Amino acid sequence: MKNFVKDSQKLPLYGIGPRLVLTMAMVSAIKIVLFCYIFKTGVLVSPWLLLFRITGGVLIALGIFIWAVGAFRSDMDENISENRLKTDGIYAWVRNPMYSGWWMLLTGISLMYHNAWLLATPLINWGIMTAVLKNTEEKWLKNLYGKEYEDYCKRVNRCVPWKYIDREIQSDKREEQAMIKTTMNIEGMMCGMCEAHIRDAIRKAVPSAKKVAASKEKSEASFLTEECVDEELLKAAIDATGYTCLGIESSPYQKKGLFSRR
């Protein structure tokens with residue numbers, strides 16, 4: 001598994017994830033072994049047994065679902081490699097869906113043992129996850145994205161999925177959904193610096209452009225605007241940088257939902 005796939009990539013693909021998840025799993029396993037198999041104390045019987053197992057089963061299923069959406073339906077690896085902050089799809093509900101999914105899964109497994117001493121396990125794991133993320137990945141993201149990330153943190157929880165509704169944010173989303181996406185086919189991009197040059201050229205030619213992105217792998221760049229752009233002016237701006245604009249296509253922007261890959 002490669003943590004860095006592009007020269008211009010600022011953050012590792014896997015971050016602190018593997019070590020964080022392993023630590024939480026070890027805490028859960030140690031407590032289960034100690035209280036359920038060695039000391040054999042704290043075991044709860046009916047009606048608690050049924051309640052714990054139903055709740056545990058729900059959390060296991062929910063944890064797997066959230067982890068799977070974050071891992072396979074978000075294209076987070078592409079956002080990281082292109083240094084874009086991911087804030088839509090499952091990331092509009094929770095900032096760390098894959099960690100959150102593991103936390104819920106481990107909580108559910110602990111509850112299946114219907115042991116009172118294991119009730120503290122989710123809190124311990126939550127504390128570990130919070131402390132580790134605040135001192136690692138959250139610092140990296142704040143340094144890279146600044147206010148954009150700070151605003152994102154204000155409206156989306158770190159670990160617990162929750163849909164925060166804000167009138168201004170809803171208004172921004174409605175405006176974004178009414179925007180036009182312009183996609184350009186560009187020849188000549190060879191590295192991360194090339195992508196940066198293209199993004200800079202687009203921002204200078206179209207100051208109102210939002211979500212400007214460029215990909216050397218796809219040989220394309222894209223951005224959003226409220227109105228149609230002057231294609232000739234845009235093409236000339238790209239050609240002036242030494243790259244070649246082979247074509248420009250504009251279409252209504254369709255914002256994706258929870259299962260969005262992008």
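Q: How many aromatic pairs does a search of the whole structure find?
A: Six aromatic pairs are found in this predicted model.

Q: Why is the pair of Phe-35 and Trp-117 called stacked?
A: The ring centres of Phe-35 and Trp-117 are 5.4 Å apart, and their planes stand at 10°. Pairing needs centres within 6.5 Å, and stacking needs planes under 30 degrees apart. Both conditions are met, so the pair is stacked.

Q: What makes Phe-35 and Trp-117 a link between distant parts of the chain?
A: Phe-35 sits in helix α1. Trp-117 sits in the loop between α4 and α5. They are 82 residues apart.

Q: Why does Phe-35 count as buried or exposed?
A: Its relative accessible area is 17%. Buried means under 20%, so Phe-35 is buried.

Q: Why is Trp-117 classed as buried, partly exposed or exposed?
A: Trp-117 has 46% relative accessibility. The partly exposed class lies between 20% and 50%. Trp-117 therefore counts as partly exposed.

Q: Which residues form one aromatic cluster with Phe-39?
A: Phe-35 and Trp-117 join Phe-39 in that cluster.

Q: How do you know that Tyr-37 and Tyr-113 are an edge-to-face pair?
A: The centre-to-centre distance is 6.4 Å, with 75° between the planes. The cut-offs are centres within 6.5 Å and planes over 60 degrees apart. Tyr-37 and Tyr-113 satisfy both, so the pair is edge-to-face.

Q: Why does the pair of Tyr-37 and Tyr-113 tie together separate parts of the sequence?
A: Tyr-37 lies in helix α1, and Tyr-113 lies in the loop between α4 and α5. These parts are 76 residues apart in sequence.

Q: What makes Tyr-37 exposed and Tyr-113 partly exposed?
A: Tyr-37 has 51% relative accessibility. Exposed means over 50%, so Tyr-37 counts as exposed. Tyr-113 has a relative accessible area of 29%. That value falls between 20% and 50%, so Tyr-113 is partly exposed.

Q: What is the sign of phi at His-114, and where is this residue?
A: Phi of His-114 is positive, about 40°, although the residue is not a glycine. His-114 is placed in the loop between α4 (97–111) and α5 (121–135).

Q: Why is His-114 called buried?
A: Its relative accessibility is 10%. The limit is under 20%, so His-114 counts as buried.

Q: Why is Ser-219 called partly exposed?
A: Ser-219 has 28% relative accessibility. This lies between 20% and 50%, so Ser-219 counts as partly exposed. Its phi is also positive, near 55°. Ser-219 is found in the loop between β2 (210–215) and β3 (220–225).

Methods: Residues numbered from 1 in each chain as written. Predicted model: local features only at pLDDT ≥ 70, side-chain atom pairs only at ≥ 80, totals over all residues. Heavy atoms only, no water. Helix = DSSP H or I, 4+ residues; strand = E, 2+ residues; numbered from the N terminus. Buried < 20%, exposed > 50% of the residue type's maximum accessible area, 1.4 Å probe, protein only.
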